[in-house]
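Hi everyone, thanks for making the time. I'd like to walk you through one structure today, going from side chains to helix packing. Let me put it up on the screen.

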Amino acid sequence: MAATALPLRDAPRIVADIVREDLRPQVGAIDAGAYPEAVLRALAAAGACAHHVDGGPEGLLAAVDAMAEAGESCLSTAFCLWCQDALVWYLARSDEPGARRHLAAAASGEHLGGTGLSNPMKALSGIEPLALQGVREGAGYRVRGRLPWVSNLGPGHRFAGIFSLPEGRRVMGLFVAGEAGVSIAANARFVALEGTGTYTVMMRDAYLPDAEVIAHDAGAFVPRIRNGFVLLQAGMGLGLARGAAALMRSDAAGRGKAQFLPLGPEGIEARAAALRERVAAAARAHAATDRAAFLETLRLRLDVSFLALEAAQAAMLQFGARGYLEGSEPFRRLREAQFVAIVTPSVKHITTELARGA
């Protein structure tokens, strides 16, 4: 079913204004654990989460660019944007009218939500078992299980989940945090991205009506969405890398003393620009469902991860002892970059897939 473009509502503010005026003053608080809900809603209202609704390559690239703009200042916010973007992506690609009725609210930021596909992506690769199980009951499904670390959540936020049925079929549905049978709890503290609304989800006989099903056959649906799911993540790493380069440029005294380090801001920016061109090319082929195409997407995602890591380390090396202080900006970017490398699909997940080959 072809997705139709959603008209963006009037938004006098643009992403750059929101990042400068609303996000940057809150970066320290977000790093300490404040969830940037108002910023996310403002960014979505400005169109940041609606670019890719129609599934076109230009829209995917525009969504990556908006995410990268936020990520230059704050990876937590960029990651939450990716969670929202992924939710929009699922709903826009769904053939189920019940699920698609939530699309406009998700794309505009009226409803916030998470992805819920970390465990299923690993399960489909054979890395871990599928965490949710369901049975058919009436005009829906009864679901049980536990999903660790679902992000961009809060009471009333929506998220996707994939569960297996006794006969082996897998179903993808849309759940609401805090509704009957769906509870959330924060039970860990991270070294970074603490302000991302990340919770463990417990489902105790949660009921999913057919009207909330995204795909009755998730095994066939996931190959249709996985390239876009992974490509959208590029905005996080590209934004962080550019932010690290900007941080290095702003440090005039340190830059002069660090001119012989192997990676400077010019090199970071050149690599980021080249990767963005690869994202644009991959976006044009995102609808391919074959494994070879997915492996190419994973290779691109891997290169983005390594650029984020290397850029953040370069900034740390330039600042030296000044960066090795609690609360320093280079240390924050270094902690954030490590998340780019471990969020699903992580570097170890990707390298495992690449080692298996086609």
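Let's begin with two phenylalanines: Phe-79 is buried, and Phe-339 is buried as well. Please keep in mind throughout that this is a predicted model.

These two residues belong to a wider set, as the structure holds seven aromatic pairs. In the pair of Phe-79 and Phe-339, the ring centres are 4.7 Å apart and the planes stand at 70°, so the geometry is edge-to-face. For those of you who like the cut-off, planes over 60 degrees apart count as edge-to-face. Now, where do the two partners sit? Phe-79 is in helix H5, residues 75-93, while Phe-339 is in helix H14, residues 329-342, so the pair ties together parts that are 260 residues apart in sequence.

A second pair starts from the same helix, H5. Trp-82 and Phe-229 are also edge-to-face, at 5.1 Å centre to centre and with 75° between the planes. Trp-82 lies in H5 and Phe-229 in helix H9, residues 218-232, so this pair ties together parts that are 147 residues apart in sequence. Are these two buried or exposed? Trp-82 has a relative accessible area of 2%, which makes it buried. Phe-229 counts as buried too, at 2% relative accessibility.

And here is how the rings come together: Phe-79, Trp-82, Tyr-90, Phe-229 and Phe-339 form one aromatic cluster.

While we are on rings, let me point out two arginines. Arg-136 lies over the face of Tyr-141, at 4.7 Å from the ring centre. Arg-335 does likewise with Phe-331, at 4.9 Å from the ring centre.

Back to H5, and to a polar residue there. Gln-84 is found in helix H5, and at 2% relative accessibility it counts as buried. What does Gln-84 touch, leaving out residues up to four places away in sequence? The list is Cys-49, Ala-106, Gly-109, His-111, Leu-112, Gly-113 and Asn-152.

Next, helix H7, which covers residues 103-108 and includes Ala-107. Ala-107 is buried, with a relative accessible area of 4%. Its C-alpha atom is separated by 9.3 Å from that of His-52, and the two residues are 55 apart along the chain.

H7 also turns up as a partner of helix H3. H3 runs over residues 37-45, and its buried residues are Val-39, Leu-40, Ala-42, Leu-43 and Ala-44. What do they pack against? The answer is helix H1 (15-23), H5 and H7. Just after H3, Gly-47 takes a positive phi of about 100°.

Now for helix pairs, starting with helix H4, residues 57-71, and H5. Their axes come within 7 Å and cross at roughly 155°. Angles over 145 count as roughly antiparallel, and H4 and H5 are therefore roughly antiparallel to each other. H4 passes H5 in a right-handed crossing. On the H4 side, the contact is made by Leu-60, Ala-63, Ala-66, Met-67, Ala-70 and Gly-71. On the H5 side, the residues include Leu-75, Ala-78, Leu-81 and Trp-89, and among them is also Trp-82, which we met in the aromatic cluster.

H14 has two partners I want to show you. One is helix H13, residues 291-319, whose axis comes within 9 Å of that of H14, with a crossing of roughly 165°. That makes H13 roughly antiparallel to H14. The crossing of H13 and H14 is left-handed. Among the contact residues are Ser-305, Ala-308, Leu-309 and Ala-312 of H13, and Phe-331, Leu-334, Ala-337 and Ala-341 of H14. Phe-331 is the ring with Arg-335 over its face.

The other is helix H10, residues 234-250, where the axes of H10 and H14 come within 10 Å and cross at roughly 160°. H10 and H14 are therefore roughly antiparallel to each other, and this crossing is left-handed. Here Gly-237, Leu-240, Gly-243 and Leu-247 in H10 meet H14 residues including Pro-330, Arg-333, Ala-337 and Val-340.

To sum up, Phe-79 in H5 pairs with Phe-339 in H14, Trp-82 in H5 pairs with Phe-229 in H9, and the four share one aromatic cluster with Tyr-90. Thanks for listening, and I'm happy to go back to any view.

Conventions:
Residues numbered from 1 in each chain as written. Predicted model: local features only at pLDDT ≥ 70, side-chain atom pairs only at ≥ 80, totals over all residues. Heavy atoms only, no water. Helix = DSSP H or I, 4+ residues; strand = E, 2+ residues; numbered from the N terminus. Buried < 20%, exposed > 50% of the residue type's maximum accessible area, 1.4 Å probe, protein only. Phe/Tyr/Trp six-rings, centres within 6.5 Å; stacked < 30°, edge-to-face > 60°. Lys NZ or Arg CZ within 6 Å of the ring centre and 35° of its normal. Axes fitted to C-alpha atoms, helices over the stretch in contact; angles between N-to-C directions. Parallel < 35°, antiparallel > 145°, perpendicular 65-115°, else oblique. Left-handed = near helix turned anticlockwise from the far one by under 90°. Contact = heavy atoms within 4.5 Å.
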